[in-house]
Amino acid sequence: TKTVTDVVCPFCGTLCDDLEVVVSDDGKQLLEVYNACAIGAEKFLHSQAEDRLTRPRLQQEDGSWKDVTYDEAIEYTAQMLASSTKPLMYGWSSTNCEAQGVGSEIGEITGAVMDNTATVCHGTSLIAVQDIGIPHCTLGEVKNRADRVVFWGCNPAHAHPRHMSRYSIFPRGFFTGKGHKGRKVIVIDPRKTDTANVADVHLQIEQGRDYELLDALRVAFKGLPLPDVVAGIPKEQIYEAAEVLKSGRFVIIFFGMGVTQSLGKNHNIDEAIAVTRDLNEYTKAAIMPMRGHYNVTGSGAVWGWQFGFPFAVDLSRGFARYNPGETTSNDLLRRGEVDSVFVLGSDPGAHFPFSSVKKISELPSVCIDPHQTPTTAVCKLHVPVAFVGVEIGGCAYRMDNVPIETRKVVEAPEGMMTDEEFLEKVLVRIKEIKGE
Ligand code: SF4
């Protein structure tokens, strides 16, 4: 056997880059994964699953599946996209930037709407950043400097398991030599989560009242009067939390879907950014979204430089339009505005409302995914591909916008295509069909 070091985990936005993977001498079998959390390790090990699909399959009238060749799958996908007036090309968060780039080109020549998982996650954060900017930093700075750590509406103990040990709570950094002991951790969450259990302060906010509490913190920073209770939190606790934050040398606020997708949405994030800006009057402070899929950040970065917008990009008029609420996937599906659906690197079947999933099942649809998922179950064509970050490398962006090159550690089963190869071939075929 041999050990591959400095392997990057292609699961969550923490993008841990210190994994060690043991593979067989011929590089065909992945045997052990070290340093990863349980979900990260499972992603690697799943590439070795015995029941893994290695050939595309087409759903028949009676719901059964028929194996087809990659060439047939390329033809089906190209014909579907070329003949659509307004295809929806959704996902893009669990693949590399190279594939995202080819996908964008297909979107451009077919007049598609390009949308990624931010649409149901941190899209509201991106809108807020466009509104008022963001005081940002890297996770390296958090590790080395942060002595006040806030987790607002997120639960990294479950969703980003190594985040706390690598960057935010436990590690000893250059100016944070005492590790956990030198940091004060505040968790704001209506639930008593496992992250709340390791916090110094847990503000058990009432569900959906984030904007009020954020606003109250800004009042408390200035020492102005507050009502006795705000968002279910007694004012004494709010003044106390404000003092803890102001007295730090470096404050980092991490936030998740508990704030981005609850009442107030992007306005919550406007206010959270304003809290961070206010804190910079007293100390150094930064704020960071806890991005979920390992390369959702990269998808926003690629589209940002290609189209000027990070998600919900409508190319159907021959130029890039962006209007969340109109050009976002669920709104388009609900209004019946798209006539085919292409999914890559995401599982809307598991995360979209039932009405949207039903719409996908009624439309011509293709899903590119190494796994069998609720989405592959409703799409007409399922194309299994090599695992990015396991069987093929490529660029991915960590949640703090740092690009990291993922590594290939094991061979894909013989004859399997990668996302990028499949998309390249579809692009060539669409150009032929369109006579370009
Ligand atoms: Fe992978 Fe995220 Fe776990 Fe790190 S924390 S090993 S990136 S799943």
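**Two open sheets and a ligand shell**

An open sheet of three strands, ordered E1-E2-E3, has antiparallel pairing; strands here are DSSP runs of E with at least two residues, helices are runs of H or I with at least four, both numbered from the N terminus, and two strands pair if DSSP finds at least two bridges between them. Please keep in mind that this is a predicted model, in which local features need pLDDT of at least 70, side-chain atom pairs count only at pLDDT 80 or more, and totals for chains, interfaces and linings use all residues. Residues are numbered from 1 along each chain as its sequence is written, and side-chain values use heavy atoms, leaving out hydrogens and water.

**The three-stranded sheet**

- Strand E1 (2-7) and strand E3 (30-34) stand at the edges with a single partner strand each, so one side of each has no neighbour in the sheet.
- From one strand to the next, the twist averages 20°; angles run from 0 to 180 degrees between N-to-C directions, with axes fitted to C-alpha atoms, for helices over the stretch in contact.
- Four bridges pair E1 with strand E2 (residues 19-23) in the antiparallel sense, and Lys 2 has Val 23 in E2 as its bridge partner.
- Helix H1 (residues 38-46) lies across E1, E2 and E3 and runs at about 170° to E3.

**The nine-stranded sheet**

- A second open sheet, with mixed pairing, has nine strands in the order E5-E4-E19-E18-E17-E6-E7-E15-E16.
- Its edges are strand E5 (65-67) and strand E16 (321-322), each with a single partner strand, so one side of each is left without a neighbour.
- Strand E7 (residues 113-116) and strand E15 (residues 313-314) run antiparallel and are joined by two bridges, with Val 113 opposite Asp 314 in E15.
- Helix H2 (residues 70-83) packs on this sheet, touching strands E4, E6, E17, E18 and E19, and its direction makes about 130° with that of E17; contact means heavy atoms within 4.5 Å.
- Helix H13 (residues 296-307) also packs on the sheet, touching E7 and E15, at about 150° to the direction of E7.

**The ligand shell**

- Residues around the ligand (those with a heavy atom within 4 Å of it) include Cys 9, Phe 11, Cys 12, Cys 16, Cys 37, Pro 161 and Arg 162.
- The shell divides into nine nonpolar residues, one polar and one charged, where Ala, Val, Leu, Ile, Met, Phe, Trp, Tyr, Cys and Pro count as nonpolar, Asp, Glu, Lys and Arg as charged, and the others, Gly among them, as polar.
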